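The exercises below are to be worked with the sequence and the coordinates side by side. Each task is followed by a solution that proceeds step by step.

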Amino acid sequence: MDLAFTPEEQTFREDIRAWVRENLPQDIAHKVHNSLHLTREDMQRWAKILGAKGWLGYGWPKQFGGPGWNAVQKHLFEEETALAGAPRIVPFGPVMVAPVIMAFGSPEQHKRFLPGIASGDVWWSQGYSEPGAGSDLASLKTRAERRGDKYIVNGQKTWTTLGQYGEWIFCLVRTDTSGKPQTGISFLLIDMKSPGIEVRPIVMLDGGREVNEVFFDNVEVPAENLIGEENKGWTYAKHLLSHERTNIADVNRAKRELERLKRIAKAEGVWDDLRFRDEIARLEVDVVALEMLVLRVLSAEKSGKNSLDIAGLLKIRGSEIQQRYTELMMLAGGAFSLPFIQEAMEAGWQGDFPGGALGLAPLAATYFNMRKTTIYGGSNEVQRNIVAQTVLG
């Protein structure tokens with residue numbers, strides 16, 4: 001098996017690297033490399049820089065204004081931006097809802113919604129999980145009742161990531177209760193400025209307010225905001241989930257954080273401990289294996305095959321790797337990494353620690369934050385059941 005990139009792909013990588021080096025704001029890169037808090041303005045600023053270049057929708061085909069890159073080019077773009085310290089593209093607009101709009105939306109919906117996503121001007125949120133309907137998403141109860149030319153939406157979504165910034169939200173809603181749970185679900189696009197929507201923050205282990213509850217109280221949604229056909233939303237959701245699982249693996253951030261782990265280990269004097277280096281080596285092998293799985297999913301996607309089953313494996317392995325590198329960073333930092341100091345997530349404050357320990361203050365908050373990874377996007381226990389059924393039979 002030859003896993004070497006072609007000369008053309010290497011040239012593509014170098015072009016991406018040079019452009020990112022010139023255009024990525026260094027204050028943002030500093031925050032990313034040191035796990036400091038990114039503001040809405042930080043994330044939006046980078047999104048608009050990419051949007052102006054035509055690369056925020058880097059996975060889009062040319063017919064919708066994307067660069068039309070193949071699977072390898074998309075992977076190289078993700079890798080180079082991550083290693084440079086670029087913020088992870090907030091996926092809900094360009095990576096998740098945009099492919100659904102392209103595949104199942106009307107030409108009018110293409111014109112209405114895709115330009116704002118491509119430019120980075122419109123912030124999208126995801127309305128999937130509910131209390132009692134997380135990994136078992138088909139049990140959702142948020143109801144949309146058709147009344148003339150509008151839907152009336154009532155219910156609750158939860159764990160809505162960065163929902164406090166959302167301007168639009170795509171939601172799975174129940175429009176029929178007569179058949180199987182999956183057959184009565186529809187896919188609605190909802191303006192979050194609509195009367196009757198309330199967003200309440202959920203405080204996480206690291207003290208952040210990254211996720212939210214979103215309540216819908218008689219929210220009026222124009223029927224023209226329905227994607228595709230009524231009661232076919234489950235089909236569209238599965239299409240979206242295949243994109244989310246690939247994104248959720250976050251292999252390129254893992255590669256960047258692996259290098260950060262090595263820097264911390266060397267600075268804190270544990271690099272010479274062979275047993276600790278064995279742990280780093282084991283992690284590195286897992287990261288390389290994850291990358292091969294990502295390339296496999298992208299290859300299947302390119303050829304039109306259904307990659308959802310393999311994508312479930314990506315979610316499992318990617319989330320476990322994210323937890324593992326935060327654990328090893330905590331171990332490398334020793335006592336200096338143990339205090340949980342919420343202020344350490346802010347730029348410019350790194351704690352009153354001596355010498356090389358200055359970069360360790362944010363580690364505890366990052367460790368706590370990453371406890372979520374094996375739960376969101378479908379818990380790993382549920383994902384293992386799905387893989388067992390669809391892959392192993």
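## Exercise 1: the surroundings of R260

Task: in this predicted model, establish which residues R260 is in contact with, leaving aside its neighbours within four places in sequence, and then place R260 in its helix.

Solution. Once the neighbours within four places in sequence are left aside, R260 is in contact with H33, N34, S35, M329, G359 and L363. R260 itself belongs to helix α8, which covers residues 251-267. Its relative accessible area is 4%, and because buried means under 20%, R260 counts as buried. Turning to polar atoms, one in the side chain of R260 lies 3.5 Å from the backbone oxygen of H33, a residue that also appears among the contacts of R260.

## Exercise 2: the geometry and faces of α1

Task: compare the span of helix α1 with the expected value, and determine how its buried residues are arranged about the axis.

Solution. Helix α1 comprises the 17 residues 7-23, which at 1.5 Å a residue should span 24 Å. The C-alpha atoms at its ends are 24 Å apart, so the model agrees with the expectation. The next step is to list the buried residues of α1, which are E9, F12, R13, I16, W19 and V20. Viewed down the axis of α1, these residues fall within an arc of 135°, and therefore they line one face of the helix. On the other side of α1, the residues P7, R21 and E22 are exposed. Finally, the cover over the buried residues of α1 includes α3 (40-53) and α4 (71-84).

## Exercise 3: T81 and the ring cluster

Task: describe the setting of T81 in helix α4, and identify the cluster of rings to which F77 belongs.

Solution. T81 is located in helix α4 and is buried, its relative accessible area being 10%. A polar atom of the T81 side chain lies 2.9 Å from the backbone oxygen of F77. Not counting residues up to four places away in sequence, T81 touches V20, W46 and A86, and V20 is one of the buried residues of α1. F77 and W46 are both members of a cluster linked by ring pairs, together with F12, W19, W55, Y58 and W69.

## Exercise 4: an aromatic pair across the chain

Task: classify the ring pair formed by W123 and Y165 from the distance between centres and the angle between planes.

Solution. The model holds 15 aromatic pairs when centres within 6.5 Å are taken as the criterion. For W123 and Y165, the ring centres are 5.3 Å apart and the planes stand at 75°, so the pair is edge-to-face. The pair links distant parts of the chain, since W123 lies in the loop between α6 and β1 (124-127), whereas Y165, 42 residues apart from W123, lies in the loop between β3 and β4. Both W123 and Y165 are buried.

## Exercise 5: positive phi between β3 and β4

Task: for W159 and L162, give the value near which phi lies, and decide for each residue whether the side of the cut-off is buried or exposed.

Solution. Most residues other than glycine have a negative phi. Phi of W159 is nevertheless positive, near 60°, and phi of L162 is positive too, near 55°. W159 sits in the loop between β3 (150-157) and β4 (168-174), and L162 is placed in the loop between β3 and β4 as well. With 54% relative accessibility W159 counts as exposed, whereas L162, with a relative accessible area of 13%, is buried.

## Exercise 6: the largest nonpolar core

Task: which residues of the largest nonpolar core touch the most other members, and which element gives the largest share?

Solution. This core has 36 residues, of which W124, Y128, F170, F187 and L189 touch the most other members. Two or more residues are given to this core by each of α2 (26-33), α5 (92-104), α6 (107-119), β4, β5 (185-191) and α7 (233-249). The largest share, eight residues, comes from α5. For L189, the contacts beyond four places in sequence include V97, I101, F113, W124 and F170. Apart from this core lies another, of 27 residues, among them I280, V287, I321 and Y325.

Methods:
Residues numbered from 1 in each chain as written. Predicted model: local features only at pLDDT ≥ 70, side-chain atom pairs only at ≥ 80, totals over all residues. Heavy atoms only, no water. Helix = DSSP H or I, 4+ residues; strand = E, 2+ residues; numbered from the N terminus. Buried < 20%, exposed > 50% of the residue type's maximum accessible area, 1.4 Å probe, protein only. Core = buried A, V, L, I, M, F, W, Y, C linked by side-chain atoms within 4.5 Å. Contact = heavy atoms within 4.5 Å. Polar contact = N/O pair within 3.5 Å; in protein donor to acceptor, adjacent residues only side chain to side chain. Expected span 1.5 Å × (residues − 1). Arc of directions from axis to C-beta. Phe/Tyr/Trp six-rings, centres within 6.5 Å; stacked < 30°, edge-to-face > 60°.
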